[in-house]
Amino acid sequence: MLDKSTYREALLQRLKLLDARLHAIEAELDAPKSRDWEELAVEREGDEVLEQLGHSGELEIARIRAALGRLRDGSFGLCTSCGEQIAADRLDILPETPVCRACAAQMS
């Protein structure tokens with residue numbers, strides 16, 4: 001049987017970390033820009049990277065919130081694709097994963 005409280009705590013900690021990271025990215029993106037066009041070009045490239053990191057963080061937050069929803073409704077640890085139990089070692093690494101290893105392999 002899965003220790004769901006351990007997974008819940010791990011998901012909440014990751015959510016907290018991502019929230020802090022996204023706020024830092026937002027602050028960096030909102031920071032004043034240089035007036036020098038060469039420096040501005042470099043800053044814009046950096047902004048593109050930060051925007052991609054922010055987008056990736058938002059996607060992970062959505063996956064974590066979905067996993068927390070599955071914890072609440074009692075379906076956590078069951079593959080959303082085939083309904084089989086997700087291996088504990090997989091959940092230890094990716095507690096937000098909605099699918100088992102076999103279904104994940106079929107999706108990629």
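From the N terminus on, the elements of the chain run α-α-α-α in this predicted model. The chain holds four helices and zero strands. Helix 1 covers residues 4-30, helix 2 covers 37-73 and helix 3 covers 88-93.

The overall dimensions were computed next. The C-alpha atoms fill a box of roughly 60 × 30 × 20 Å along the principal axes. The radius of gyration of the chain is 18 Å. A compact globule of 108 residues would have a value near 13 Å. Helix 2 offers a view of distances within the chain. Glu48 lies in this helix. From Glu48 to Gly74 there are 26 residues in sequence, and their C-alpha atoms are 39 Å apart in space. Glu48 has a relative accessible area of 54%. This value is over 50%, so Glu48 counts as exposed.

Burial and contacts were examined across the chain. Of the 108 residues, 31% count as buried. Contacts were counted between residues at least 6 apart in sequence, and 52% of these join residues at least 24 apart. The chain exposes about 7,500 Å². Carbon and sulfur atoms supply 54% of that area.

Charged side chains were also counted. There are 14 positive and 21 negative side chains in the chain. The centres of the two sets lie 8 Å apart.

A search for aromatic pairs covered the whole structure and found one. The partners are Tyr7 and Phe76, with ring centres 5.5 Å apart. Their planes meet at 45°. Planes under 30 degrees apart would count as stacked, and planes over 60 as edge-to-face. The angle of this pair falls under neither heading, so the pair is tilted. The distance of the centres and the angle of the planes together describe a pair of aromatic rings.

The two partners come from separate parts of the chain. Tyr7 belongs to helix 1. Phe76 sits in the loop between helix 2 and helix 3. The pair therefore ties together parts that are 69 residues apart in sequence. Both partners were then checked for burial. Tyr7 has a relative accessibility of 8%. Phe76 has a relative accessible area of 3%. The limit for a buried residue is under 20%, so Tyr7 counts as buried. By that limit Phe76 is buried too. Glu48 in helix 2, by contrast, is exposed.

Methods. Residues numbered from 1 in each chain as written. Predicted model: local features only at pLDDT ≥ 70, side-chain atom pairs only at ≥ 80, totals over all residues. Heavy atoms only, no water. Phe/Tyr/Trp six-rings, centres within 6.5 Å; stacked < 30°, edge-to-face > 60°. Helix = DSSP H or I, 4+ residues; strand = E, 2+ residues; numbered from the N terminus. Buried < 20%, exposed > 50% of the residue type's maximum accessible area, 1.4 Å probe, protein only. Rg over C-alpha atoms; globule rule 2.2 N^0.38 Å. Contact = heavy atoms within 4.5 Å. Areas by Shrake-Rupley, 256 points an atom, 1.4 Å probe, with all protein chains shown as cover. Lys, Arg positive; Asp, Glu negative; His and termini not counted. Charge placed at Lys NZ, Arg CZ, Asp CG, Glu CD.
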